[in-house]
Amino acid sequence: MVLAGPTPLVPAPETPLRVGPAPSNVAIGDVNNDKNADLVTTHGDAPLVSVLLGDGRGTFSEADGSPVNLGQQAHYIALIDMNRDGRLDLVAAAGTGVRGLMGDGKGGFTPAPASPFAPGQGMWKIAVADVNADGKADVAASNVESDSVTVLLGR
């Protein structure tokens, strides 16, 4: 299908955003509960994620305490409310397991208890959905080095 008229996407006022080193994957969600979209990005080979708080007009600024150390390099990330407290948390595919960080509702994150979850070999990609229809977010992670998929059910 071809859409007529102007392109549906235009650059935000201050893009590209300078975030280093080597931003590689990004997730979008409201991590500081101000009703504006925020960005969280991984950093290539570094064990870091940066948190960029949005102002609702397409402008972003780095949150206090950012970048956050994940403890291990990560690739794919997602923002979900793991513990259903109304604040977005971060899950990251980090090679040997899924790392979880609990959001504080102000743009900050701290390691989740028992993180990393479900060790696996080559766990670099994740997807989030409710796979067992219980109303809770679940995480599926591919384990490229062990030819398997790990499913983590939300509680």
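**Entry 1: pairing, before anything else**

I count two strands as paired if DSSP finds at least two bridges between them. With that in hand I looked at β3 and strand β5 (residues 68-69), and they pair in the antiparallel sense over two bridges. For one position in this pairing, I noted that L48 stands opposite N69 in β5. A reminder to myself: I am working on a predicted model.

**Entry 2: the chain as a whole**

I went through the secondary structure and found zero helices and 12 strands in the chain. Read from the N terminus, the order is simply β-β-β-β-β-β-β-β-β-β-β-β. The radius of gyration comes to 16 Å and the globule rule gives 15 Å for 155 residues, so the chain is as compact as a globular protein of that length. Along the principal axes, the C-alpha atoms fill a box of roughly 45 × 45 × 30 Å.

I also checked burial, and 39% of the 155 residues count as buried. Then I took contacts between residues at least 6 apart in sequence; 32% of these join residues at least 24 apart.

**Entry 3: back to β3**

Which strands does β3 pair with, besides β5? I found strand β2 (residues 38-43), antiparallel over five bridges, and strand β4 (residues 60-62), antiparallel with three bridges. In the β2 pairing, T42 has V49 of β3 as its bridge partner. On the β4 side, L53 is bridged to S61.

Both of these pairings are hairpins. Between β2 and β3 there are two residues, and G44 in that turn has a positive phi of about 40°. Between β3 and β4 there are five residues, and here the turn holds G56, with a positive phi of about 85°.

Is β3 mostly covered or exposed? I have it as mostly covered, with seven of its nine residues buried.

**Entry 4: the nonpolar cores**

I looked up the largest nonpolar core next, and it has 17 residues. Those with the most contacts inside it are V31, V40, V51, L70, L79, L90 and F109. Three elements give two or more residues to this core: β3 (46-54), β6 and β7 (89-93). β3 gives the most, with three residues.

V51 seemed worth a longer look. Setting aside its neighbours within four places in sequence, I get V51 in contact with V31, L39, V40, S61, E62, A63, S66, V68, G107 and F109. Apart from the largest core lies another one, of nine residues, and A78, V91, V98 and M123 are among them.

**Entry 5: the open sheets**

I traced an open sheet of four strands in the order β6-β7-β8-β9, with antiparallel pairing. β6 (77-80) and β9 (109-111) stand at its edges with a single partner strand each, so one side of each is left without a neighbour in the sheet. From one strand to the next, the twist in this sheet averages 30°. I then went to the pairing of β9 with strand β8 (residues 98-103), which is antiparallel with three bridges. There, M102 has T110 of β9 as its bridge partner.

The other open sheet on my list has three strands, in the order β10-β11-β12, again with antiparallel pairing. Its edges are β10 (123-129) and β12 (148-152); each has a single partner strand, so one side of each has no neighbour in the sheet. The twist here averages 20° from one strand to the next. β10 and strand β11 (residues 138-143) run antiparallel and are joined by six bridges. I picked out A127, which stands opposite A140 in β11.

**Entry 6: salt bridges**

Side chains of opposite charge can pair when their charged atoms come close. How many salt bridges are there? I get two salt bridges.

One joins D55 and R57, with the closest N and O atoms 3.0 Å apart. I checked how open each end is: D55 is partly exposed at 26% relative accessible area, while R57 counts as exposed at 62% relative accessibility.

R87 and D85 form a salt bridge too, at 2.9 Å from N to O. R87 is partly exposed at 31% relative accessibility, and D85 also counts as partly exposed, at 31%. Partly exposed runs from 20% up to 50% by the cut-offs I use, so the 31% value falls in that range.

Notes: Residues numbered from 1 in each chain as written. Predicted model: local features only at pLDDT ≥ 70, side-chain atom pairs only at ≥ 80, totals over all residues. Heavy atoms only, no water. Axes fitted to C-alpha atoms, helices over the stretch in contact; angles between N-to-C directions. Core = buried A, V, L, I, M, F, W, Y, C linked by side-chain atoms within 4.5 Å. Buried < 20%, exposed > 50% of the residue type's maximum accessible area, 1.4 Å probe, protein only. Contact = heavy atoms within 4.5 Å. Salt bridge = Lys/Arg side-chain N within 4 Å of Asp/Glu carboxyl O. Rg over C-alpha atoms; globule rule 2.2 N^0.38 Å.
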